[in-house]
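Me: I am new to this structure and would like to learn how to read it one feature at a time. Could you show it to me and then take me through it?

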Amino acid sequence: MATRIAVAGAAGRMGRRIIALACADTAFKLVGAMESPGSDLLGRDAGELAGIGQLGLAVTVAPPVEFDVLID
């Protein structure tokens, strides 16, 4: 079973890199990508921000209901 990861600061350089690396490894499943309220990137696809194509996961303010690891 893959470790479910949520990333805070998903639109920053480190957040984008973590998203790309997590999605490249089957041991992980990206379940959340968060940014600060008021960010103009809220609602954007996390994969597009990371440069890896659409993942179908929007950047939000709140973390997902269920995750195993939160990377801040």
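Reply: Let us start with one residue and its surroundings, bearing in mind that this is a predicted model. Leaving aside neighbours within four places in sequence, Val-7 is in contact with Gly-15, Ile-18, Ile-19, Leu-30, Gly-32, Ala-33, Met-34 and Ile-71.

Me: Where does Val-7 sit in the chain, and is Val-7 buried or exposed?

Reply: Val-7 belongs to strand β1, which covers residues 3-8. A residue is called buried when its relative accessible area is under 20%, and Val-7, at 1%, is therefore buried. For a sense of distance, the C-alpha atom of Val-7 is separated by 12 Å from that of Cys-23, a residue 16 positions apart from it along the chain.

Me: What is the order of the elements in the whole protein chain, and how many helices and strands are there?

Reply: The protein chain has two helices and three strands, and, read from the N terminus on, these elements follow the order β-α-β-α-β. The radius of gyration is 11 Å, close to the 11 Å that the globule rule gives for 72 residues, so the protein chain is as compact as a globular protein of that length. Along the principal axes, its C-alpha atoms fill a box of roughly 35 × 25 × 20 Å.

Me: What share of the residues is buried, and what share of the contacts joins residues far apart in sequence?

Reply: Of the 72 residues in the protein chain, 35% are buried. Among contacts with a separation of 6 or more, 66% are between residues 24 or more positions apart. As for the surface, the protein chain exposes about 4,400 Å², of which carbon and sulfur atoms supply 55%.

Me: How should I read a charged residue such as Asp-45, and which side chain of opposite charge is nearest to it?

Reply: With a charged residue, one can look at its place in the chain, then for a partner of opposite charge, and then for polar contacts. Asp-45 is found in the loop between β2 (28-34) and α2 (46-50). Asp-45 is buried yet has no salt bridge, and the nearest side chain of opposite charge, that of Arg-44, is 8.1 Å away.

Me: Which backbone nitrogens does the side chain of Asp-45 reach, then?

Reply: A polar atom of the Asp-45 side chain lies 2.9 Å from the backbone nitrogen of Gly-47, and the side chain of Asp-45 also reaches the backbone nitrogen of Gly-56, at 2.7 Å. Not counting residues up to four places away in sequence, Asp-45 touches Gly-53, Gln-54, Leu-55, Gly-56 and Leu-57.

Methods. Residues are numbered from 1 along each chain as its sequence is written. This is a predicted model: local features need pLDDT of at least 70, side-chain atom pairs count only at pLDDT 80 or more; totals for chains, interfaces and linings use all residues. Side-chain values use heavy atoms; hydrogens and water are left out. Helices (H or I, at least four residues) and strands (E, at least two) are DSSP runs, numbered from the N terminus. Buried means under 20% relative accessible area, exposed over 50%, partly exposed in between (1.4 Å probe, protein chains only). Contact means heavy atoms within 4.5 Å. Lys and Arg count as positive and Asp and Glu as negative; His and the chain ends are not counted. A salt bridge is a side-chain nitrogen of Lys or Arg within 4 Å of a carboxyl oxygen of Asp or Glu. A polar contact is a pair of N or O atoms within 3.5 Å; within protein, one must be able to donate a hydrogen and the other to accept it, and residues adjacent in sequence count only if both atoms are side-chain atoms. The radius of gyration is taken over C-alpha atoms; the globule rule is 2.2 Å times the number of residues to the power 0.38. Accessible areas come from the Shrake-Rupley method with a 1.4 Å probe; for residues, only the protein chains shown count as cover.
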